[in-house]
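User: Could you take me through the spot where the ligand sits? I'd like a close look at just that part.

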Amino acid sequence: MSVMSAPYLNGKPVSLVSGAGGFLGSHLVDRLLEAGHFVVGIDSFNTGSLDNLDHALSPNNHFILVQADITEDFQLPNLAYDYIWHLASPASPVDYRRLSIETMLVNSNGTGNMLKVALKNRAKFLLASTSEVYGDPLVHPQPEIYWGNVNSVGERACYDESKRFAEALVFEYHRRYSMNIRIVRIFNTYGPRMRIKDGRVVPNFICQALKNEALTVYGSGSQTRSFAFVDDEIEGIFRAMTYENTNGQVINLGNPEEYTVKELASVVAAICSVKLQIKYGDLPPDDPSKRCPDISRAKELLKWYPSVPLKQGIGRTVAYFAGKYSLPI
Ligand SMILES: NC(=O)c1ccc[n+]([C@@H]2O[C@H](COP(=O)([O-])OP(=O)(O)OC[C@H]3O[C@@H](n4cnc5c(N)ncnc54)[C@H](O)[C@@H]3O)[C@@H](O)[C@H]2O)c1
């Protein structure tokens with residue numbers, strides 16, 4: 001079958017985004033369209049939502065959506081793909097516990113299938129990996145050379161270990177086929193288009209605060225996290241693929257400013273103009289006590305540093321949730 005070079009492509013780079021209907025995938029689609037790419041998105045919508053792509057699907061846009069599970073047989077539009085952005089995978093602990101085996105399969109078979117598409121097209125490949133590959137880290141902050149501290153049979157292993165497998169598989173394609181690859185290890189990212197019930201701490205706190213309920217803190221709340229606003233994260237992902245010096249690199253992308261979970265609760269309550277009330281729950285198994293990226297490599301290779309301060313990012317996320325779910329601010 002001949003590869004389509006339709007007139008509407010008009011010399012545009014062609015990108016394939018797996019997980020295009022998800023939180024990060026849909027923002028990446030927007031960024032790529034803005035950069036003049038022709039974009040094909042593929043998603044099974046097991047955790048994503050068509051709402052996230054409504055605007056991209058407008059008739060004048062250069063976007064095609066394929067609804068399919070990438071662990072199974074799927075058909076793509078017959079285009080010459082330049083870039084494969086592999087983001088498909090449940091990402092929130094609530095999702096990957098519910099979809100534990102599916103998570104392992106999308107990160108193993110699904111990654112294998114996306115790598116085959118990249119190989120056939122001689123495309124550049126990016127894997128969205130995660131700070132979870134560091135497990136409950138013994139090194140702080142975490143540089144890319146740290147190998148991690150993961151419980152391979154724990155409740156988070158379906159995610160942590162399958163992402164570690166995905167990373168290893170990507171590197172074997174790099175070694176065996178000289179494929180042009182990079183891996184970004186994404187640290188906690190938040191912003192508009194997260195789902196209200198996705199179980200991650202930012203939407204949880206915001207929705208509880210907007211309803212003037214007590215904010216649920218698991219454990220003592222002294223565990224730390226770093227929170228990157230989605231626009232910053234997407235810019236880092238975009239640069240990791242498009243900058244020349246990233247072939248074969250693993251790059252942490254996250255905000256190195258560290259906050260305790262309790263500090264985050266105070267920020268959310270203040271922005272929602274409610275009095276801070278906290279209720280405590282049990283810490284989930286293998287919950288990391290500290291998490292903070294060393295982003296020296298991203299600074300050096302990508303000239304990238306998160307620019308949106310926490311209060312501003314939380315303000316924009318609160319406005320999104322309040323509007324979408326008609327909750328009073
Ligand atoms: N958001 C974060 O803070 C964060 C942190 C670390 C890593 N990541 C990584 O970034 C990527 C995107 O995360 P997100 O927060 O946007 O999650 P998300 O759940 O919003 O998006 C994931 C998307 O992948 C799709 N998907 C899942 N399995 C699929 C399959 N078998 N076939 C086709 N589509 C499938 C889902 O339907 C969804 O649209 C994931 O790979 C995740 O591991 C995200």
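Analyst: Let's start with a term: a polar contact is a pair of N or O atoms within 3.5 Å. This is a predicted model, where local features need pLDDT of at least 70, side-chain atom pairs count only at pLDDT 80 or more, and totals for chains, interfaces and linings use all residues. Residues are numbered from 1 along each chain as its sequence is written, and side-chain values use heavy atoms, with hydrogens and water left out.

Now the contacts. A nitrogen atom of the ligand has a backbone N or O atom of Ser-44 at 3.1 Å. On the oxygen side, the side chain of Tyr-159 puts an N or O atom 2.6 Å from an oxygen atom of the ligand. The side chain of Lys-163 does likewise, at 2.8 Å from a ligand oxygen. Alone, the ligand would expose 820 Å², and the protein buries 97% of that (accessible areas by the Shrake-Rupley method with a 1.4 Å probe).

Who does the surrounding? There are 30 residues around the ligand, each with a heavy atom within 4 Å of it. Leu-24, Asp-43, Thr-47, Tyr-159 and Lys-163 are the closest. Two or more shell residues come from each of α1 (23–34), β5 (124–130) and α4 (157–177); helices here are DSSP runs (H or I) of at least four residues, and strands (E) of at least two, numbered from the N terminus. β5 gives the most, with three residues.

By class, the shell has 13 nonpolar, 13 polar and four charged residues. Asp, Glu, Lys and Arg count as charged; Ala, Val, Leu, Ile, Met, Phe, Trp, Tyr, Cys and Pro as nonpolar; and the others, Gly among them, as polar.

Note on methods: Polar contact = N/O pair within 3.5 Å; in protein donor to acceptor, adjacent residues only side chain to side chain.
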